[in-house]
Amino acid sequence: MQKQFDVTLTELLCNETPSPDSTVLLAVSGGVDSMCMAELFLRSSLKPGFALAHCNFHLRGGESDSDEALVRSWGGRYGIKVHTVDFDTAGYAEKYGVSIEMAARELRYRWFGQLCSEYGYDAVAVAHNANDNAETLFLNIARGTGVRGLSGMQDKSPLPYGGEDAPVLVRPMLGFTRNQIEGFAYSHSIEYHTDSTNSDSAYKRNRIRNEIFPLFEKLNPSFVKTVCREIRYFSQVADIAEGYYDSSVKNIYSAGTTGDDGEPVTIDIKALMSLEHWEYVLYRFLEQYGFNSASIASVEKLVRNYDGTNVTFSGKVFKSADYMLLTASDSLVVRRLSDTEDSDNGLSCYGGTIIPGPGTYIFGGHSLAVEYLGRSEVESLKSPKGTVMFDSAKLPFPFFVRGWRQGDWIRPLGMRGRKKVSDLFTDLKYDISRKVCSPLVVSSPDDQHILSLIGERVDDSVRIDENTEFITRIVL
């Protein structure tokens, strides 16, 4: 096992023989996997420089403190530097609305990154083993996953939450089963602690480990090794699929690029359906924005039934944690939810932006150039496309720009009665994506009397007349 470990370690650390000048930070919990990894580093013929990092999550009372004492003792015995930290994991989970498991993951990896930055560690090593890898595969399948989810854990990847210059995360134990690790620990009298919660099958991973895997092992005693071998093939298939996605997705964008800069991402339906494997491209595209398998399946069904008539396709809304997907007449539009607020009709409309005076403002992916002009400075009162003008005295600064809400109304120039803004959208042939991001001018955020649909119409109450001295002009 030691020889195989040394070969793996050399490959993971850029095929260069590690030295005391190239130090690795080992994440050591006190369990058999991480204590075995520490021992393998200590006994390695490569003589790598390393230090230990232990997180006390304070989730198991005295057990947590006992684990920390064990790791400190092992490090002291061999003169290895030990970093420790205490986390209020339950408090963090409650504060940020995440699970205990996710809280622990975020806390430890962010701390590892800080240690690497402060002490110059070249890599972080964690002790995930072959059983962990197989369990992850089954968890992914149970949740719903694409090809990438079948690839299991990577033996080498950037440290999570580490930013652009993140140190490398390595998993040198991934090729060993739990039985092999426990056998090595027994034969070398390695002291370790067993987490009492491992037997609690209330946790999904423990249920797979304690109840499901034993059944498979009755069919195939080498079940874990077989699964891990298949995972390597799945990983190669994922690389092939990723290449297909990268070469295909660039041909289906009709607008936008990433959606992270406030601009919506628009996918052309006809271009999408022209692809041989459009279902996978759609899945892969929506997966990156956090849409789950059920939502993606619903979108796929809509696309499959698309016939260009816009009768049953347009107007559907789907949400992930951070994004919203809208189906327009011939496209899918994805935009950030952080730019939106819920409205009564279930759609999401952009929140308000105050306009305190002349200047350039960004709203809903639009740039708004606001000008304050004397009447004599305006050569023509006829507004070109994308421009609106109104009497500054009738709508003084500050005013507001916000997104559409149910019940909004306007009295367009020359009309006596009110007109629903939703009906105006229909007249202008706006699809749902344009409705959601259209900037509307109001005198106060909660006012439903719309004074201008920027770029299209102004309300009769703010019209320019013979008494107008100053004009506010907004160019979209």
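Is Arg-402 buried or exposed, and what is its relative accessible area? Arg-402 is buried, with a relative accessible area of 2%, and I start there because it falls under the 20% cut-off that I use for "buried" throughout this talk. Please keep in mind that what you have in front of you is a predicted model, and that every value I quote is computed from it.

Let me stay with Arg-402 for a moment, since its side chain meets that of Asp-408 in a salt bridge, at 2.8 Å from N to O. Asp-408 is buried as well, with a relative accessible area of 2%. As a general point, side chains of opposite charge can pair when their charged atoms come close.

That pair is one of 21 salt bridges counted in the model, and I would like to take you through two others that link separate parts of the chain. Between Glu-279 and Arg-304 the side chains meet at 3.3 Å, N to O; Glu-279 belongs to helix 11, residues 278-287, whereas Arg-304 belongs to helix 12, residues 293-304, and the two are 25 residues apart. Glu-279 counts as partly exposed because its relative accessibility is 26%, and Arg-304, at 44%, counts as partly exposed too.

The other pair is Lys-385 with Glu-456, whose closest N and O atoms are 3.1 Å apart. Lys-385 sits in the loop between strand 16 (366-374) and strand 17 (387-391), and Glu-456 sits in the loop between strand 22 (452-453) and strand 23 (457-458), so this salt bridge ties together parts that are 71 residues apart in sequence. The two partners have opposite settings: Lys-385 is exposed, with a relative accessible area of 70%, while Glu-456, at 18% relative accessibility, counts as buried.

Salt bridges also form a network in this model, and its members are Asp-132, Glu-135, Arg-178, Arg-205 and Arg-209. Asp-132 and Glu-135 are both among the buried residues of helix 6, which brings me to that helix.

Helix 6 runs over residues 130-143, so to speak 14 residues, and reaches 20 Å from its first C-alpha to its last, which is close to the 20 Å expected at 1.5 Å a residue. How many of its residues are buried? The count is 10 of 14, and the helix is therefore mostly covered. Besides the two acidic residues just named, the buried set includes Ala-130, Asn-131, Asn-133, Leu-137 and Leu-139. As for what covers them, the buried residues of helix 6 pack against helix 2 (32-43), helix 7 (178-187), helix 8 and helix 9 (223-249).

Helix 8, residues 204-219, also carries Ile-212, and here we turn to the surface. Together with Phe-216 and Leu-219, Ile-212 makes a nonpolar surface patch of about 290 Å². Ile-212 itself counts as partly exposed, because its relative accessibility is 33%.

Finally, a word on the cysteines, as a bench biochemist may well ask about them. How many disulfides does the model contain? The count comes to zero. Cys-116 is in no disulfide, and the nearest cysteine sulfur, which belongs to Cys-55, is 12 Å away; Cys-116 counts as buried, at 5% relative accessibility. Cys-228 is likewise in no disulfide, with the nearest cysteine sulfur, that of Cys-36, 16 Å away, and Cys-228 is buried, with a relative accessible area of 10%.

Technical notes: Residues numbered from 1 in each chain as written. Predicted model: local features only at pLDDT ≥ 70, side-chain atom pairs only at ≥ 80, totals over all residues. Heavy atoms only, no water. Patch = residues over 30% accessible without salt bridge, like charges linked within 9 Å, V, L, I, M, F, W, Y side chains within 5 Å. Areas by Shrake-Rupley, 256 points an atom, 1.4 Å probe, with all protein chains shown as cover. Salt bridge = Lys/Arg side-chain N within 4 Å of Asp/Glu carboxyl O. Helix = DSSP H or I, 4+ residues; strand = E, 2+ residues; numbered from the N terminus. Buried < 20%, exposed > 50% of the residue type's maximum accessible area, 1.4 Å probe, protein only. Disulfide = S-S within 2.5 Å. Expected span 1.5 Å × (residues − 1). Contact = heavy atoms within 4.5 Å.
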